[in-house]
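Student: Please take a close look at the sheet in this structure, along with the helices and loops around it. What holds that part together in terms of contacts?

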Amino acid sequence: MNDLEAIERAATEWGARYGDLGQQAASNLKRWMSGQVPLAEKDILKTMLLEERQELLFDSFWQVLPFGTGGRRGRVGYGSNRLNPATVAMTVQGHCDYLLRSTNLIDKPSVVVACDVRVFQDATGDLTFLGEDHPLLGVSSRSLGRLACEIYAGNGFRVYFPAPAEEMAVLATPELSFLIVCLGALGGINLSASHNPPDDNGTKIYDSFGSQPVSPDDQALIDVMNDVTEIRRIPFDEALGGGLILEVPMSTHQQYLKTYAELFVGIHEPDTDIPIVYTPLCGCGMTTVGELLERFGFPLQVPPDEKDPDGSFSVIPFRAPNPEVPQATAPARSFADEVGSGIVLSSDPDADRIGVEVKVGDGSWVHLDGNQIATILAYFLM
């Protein structure tokens, strides 16, 4: 059975089972198999057809991965309804097209590209039938960030990227927003799935104000992305050597920290007798939250197993690096008991979400939700 016959058979089965959604899935699959979609990994799709994994294949193609909450986020995999180099490339190219069409471009326009710690290792085992060396294994936020740099550069943008010559570097989401404004960039992107499980990844798009687009700008951006037919791209090393990819200046990082330090002056004097446990949940928070707590003079303790970046989140319960889920910080609370601390602070992998746990009089721990944290802060400030 050739490829076309296999696709037609899948289309028939999906149409009978899923109706219009089945036909849409077949249409998307045909497009990806036709060569119209760059980085589509046609050989892998052929294997999926031959393996007759119809439910997985249908779920991978029944829609184009939705654009919502300022970007695309979802499970890493092959197909239009998955996060992969192809869907990232079309998202970034769409962002380029949107900026080129809707902005009065200044001379040498620039963007900022950030990434968190994620590395796809197929923790759920959904793709084990493809073997141990298929192209998505090991794809990281960093590698997707490099791809984004190539596409922005291919569209004539200068791209600020953290430590471009190094294999691993991260940039927290709040710092990305700051850098866009500080560097006078037209926008930016973060390759991150925030607090999602390790098999997910995503893109977060930002405008020149360091904000995520809202209506009607978000819909205008989506419309442009849906029209992408060609990816313009320059190889990373060539773009780096040609001055199109630039390192995020260390001075801007220091300026970012200084901004917080100046805002914090006089609000609270650290008590050296009260240790604070902070966990970045294996994400990039030590570069911002950790540095600031140390700069302010708080007696900081960090769980050793959770201090360094780990894109698999292997030591986090359920591999769920979400500070709003009490189970995620259970190891940090145990560590706090060991070091005599009554407070645990945590942040998600891209360090734009905070969690707080406090020990009360009977020795038990209380998890504070976002409303409670905000109420306590407001009460203290007033």
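Tutor:
**The sheet and its surroundings**

In this predicted model, seven strands make an open sheet of mixed pairing, ordered 1-2-6-5-3-4-7. The edges are strand 1 (67–68) and strand 7 (245–247). Each has a single partner strand, so one side of each is left without a neighbour in the sheet. Further in, strand 3 (residues 110–115) and strand 5 (residues 187–191) run parallel, joined by five bridges. Along that pair, alanine 114 stands opposite asparagine 190 of strand 5.

Now the helix on the sheet. Helix 5 (residues 85–102) lies across strand 2 (71–75), strand 3, strand 5 and strand 6 (200–206). With strand 6, helix 5 makes an angle of about 5°.

Helix 5 also meets helix 6 (residues 141–154). The two axes come within 9 Å and cross at roughly 35°. The crossing is right-handed. From helix 5, the contact uses Pro85, Val88, Ala89, Val92, Gln93, His95 and Cys96. From helix 6 come Leu144, Leu147, Ala148, Ile151 and Tyr152. By class, the residues of this contact are 10 nonpolar, two polar and no charged.

Next, the loop that follows helix 6. Asparagine 155 sits there, between helix 6 and strand 4 (158–161). Its relative accessible area is 11%, under the 20% cut-off, so asparagine 155 counts as buried. Its side chain has two polar partners to note. One is the backbone oxygen of isoleucine 151, at 2.7 Å. Another is the side chain of arginine 232, in a polar contact of 2.6 Å. Setting aside neighbours within four places in sequence, asparagine 155 touches Gln93, Cys96, Asp97, Leu100 and Arg232. Gln93 and Cys96 also belong to the contact of helix 5 with helix 6.

At the other end of the story is the loop between strand 2 and helix 5, which holds tyrosine 78. Tyrosine 78 is buried, at 4% relative accessibility. Its side chain makes a polar contact of 2.7 Å with the side chain of histidine 134. A polar atom of the tyrosine 78 side chain also lies 3.1 Å from the backbone nitrogen of leucine 136. Beyond residues up to four places away in sequence, tyrosine 78 has a list of contacts that includes Glu41, Ile44, Leu45, Met48, Ser60 and Phe61. Among the others are Asn84, Leu127, Leu130 and Pro135. Alanine 40 is 38 residues away along the chain, yet its C-alpha atom is 7.6 Å from that of tyrosine 78.

Glutamate 41, one of those contacts of tyrosine 78, deserves a backbone check. It lies in the loop between helix 2 (20–33) and helix 3 (42–50). Its phi is positive, about 55°, although glutamate 41 is not a glycine. Most residues other than glycine have a negative phi, and most peptide bonds are trans. Glutamate 41 is partly exposed, with 34% relative accessible area.

Serine 194 has a positive phi too, near 55°. Its place is the loop between strand 5 and strand 6. Serine 194 is buried, at 2% relative accessibility.

One last backbone detail lies beyond strand 6. Serine 215 and proline 216 are joined by a cis peptide bond, with omega about 0°. Proline 216 belongs to the loop between strand 6 and helix 8 (217–226).

Terms used
Residues numbered from 1 in each chain as written. Predicted model: local features only at pLDDT ≥ 70, side-chain atom pairs only at ≥ 80, totals over all residues. Heavy atoms only, no water. Pairing = 2+ DSSP bridges. Helix = DSSP H or I, 4+ residues; strand = E, 2+ residues; numbered from the N terminus. Contact = heavy atoms within 4.5 Å. Axes fitted to C-alpha atoms, helices over the stretch in contact; angles between N-to-C directions. Left-handed = near helix turned anticlockwise from the far one by under 90°. Nonpolar A, V, L, I, M, F, W, Y, C, P; charged D, E, K, R; others polar. Buried < 20%, exposed > 50% of the residue type's maximum accessible area, 1.4 Å probe, protein only. Polar contact = N/O pair within 3.5 Å; in protein donor to acceptor, adjacent residues only side chain to side chain.
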